[in-house]
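Please open the model in your viewer and keep the sequence panel beside it. The tour below moves from the whole chain to single residues, with something to select at each stop.

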Amino acid sequence: LMLGIDEAEVGELDIDVEPPARVVDLLEALKRSEAQAEEARETLAETRRRAAEELRAEGLPLRDVGELLGVTHQRVSQILAS
């Protein structure tokens, strides 16, 4: 546009961004850390759900389950519904 060329004449542009060589290892470590964090979040959610189910099966009210899990009783309801 700055050169006065019609947008239709240029078409689509592919831009490839290459990080500086000294940062490549950090970016790879970041990707690994993100994958590990996601796996940990999934494990946490599954463990929390199972604990909520077990506590409810023992007859504990939602408020007590929430207190033990460190969440609100409303969140316990959501966890159990999922």
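Of the 82 residues of the protein, what percentage count as buried? In this predicted model, the share that counts as buried is 6% of the 82 residues.

**Whole chain**

Begin with the cartoon of the entire protein, where you will find four helices and zero strands, so that the order of elements, read from the N terminus, is α-α-α-α. The radius of gyration is 25 Å, which is well over the 12 Å that the globule rule gives for 82 residues, and the protein is therefore more spread out than a compact globule. If you turn the C-alpha trace along its principal axes, its spans come to about 75 × 35 × 15 Å.

Next, switch on the surface of the whole protein, which exposes about 7200 Å², with carbon and sulfur atoms supplying 53% of that area. Colouring by charge then brings up 10 positive and 19 negative charges, and the mean positions of these two sets lie 13 Å apart.

**The nonpolar patch**

Now select Met2, Leu3, Ile5, Val10, Leu13, Ile15 and Val17, which together form a nonpolar patch on the surface with about 890 Å² of accessible area. Within this selection, centre the view on methionine 2, which sits in the segment before helix 1. Is methionine 2 buried or exposed? Methionine 2 is exposed, because its relative accessible area is 85%, and the cut-off for that class is over 50%.

**The negative patch**

Keep the surface on and select Glu12, Asp14, Asp16 and Glu18, which gather there in a patch of negative charge. Among them, aspartate 16 is found in the loop that runs between helix 1 (7–10) and helix 2 (21–57). With a relative accessible area of 65%, aspartate 16 is likewise classed as exposed.

**Along helix 2**

From the loop, move on to glutamate 34, whose place is in helix 2. Why does glutamate 34 count as partly exposed? The reason is its relative accessibility of 47%, since partly exposed covers the range between under 20% for buried and over 50% for exposed.

As a last step, add alanine 81 to the selection and draw a distance between its C-alpha atom and that of glutamate 34: these two residues are 47 residues apart along the chain, and the separation of their C-alpha atoms is 27 Å.

Conventions:
Residues are numbered from 1 along each chain as its sequence is written. This is a predicted model: local features need pLDDT of at least 70, side-chain atom pairs count only at pLDDT 80 or more; totals for chains, interfaces and linings use all residues. Side-chain values use heavy atoms; hydrogens and water are left out. Patches are made of residues with over 30% relative accessible area and no salt bridge: like charges are joined within 9 Å, nonpolar side chains (Val, Leu, Ile, Met, Phe, Trp, Tyr) within 5 Å. Accessible areas come from the Shrake-Rupley method with a 1.4 Å probe; for residues, only the protein chains shown count as cover. A salt bridge is a side-chain nitrogen of Lys or Arg within 4 Å of a carboxyl oxygen of Asp or Glu. Lys and Arg count as positive and Asp and Glu as negative; His and the chain ends are not counted. The place of a charge is taken as NZ of Lys, CZ of Arg, CG of Asp or CD of Glu. Helices (H or I, at least four residues) and strands (E, at least two) are DSSP runs, numbered from the N terminus. Buried means under 20% relative accessible area, exposed over 50%, partly exposed in between (1.4 Å probe, protein chains only). The radius of gyration is taken over C-alpha atoms; the globule rule is 2.2 Å times the number of residues to the power 0.38.
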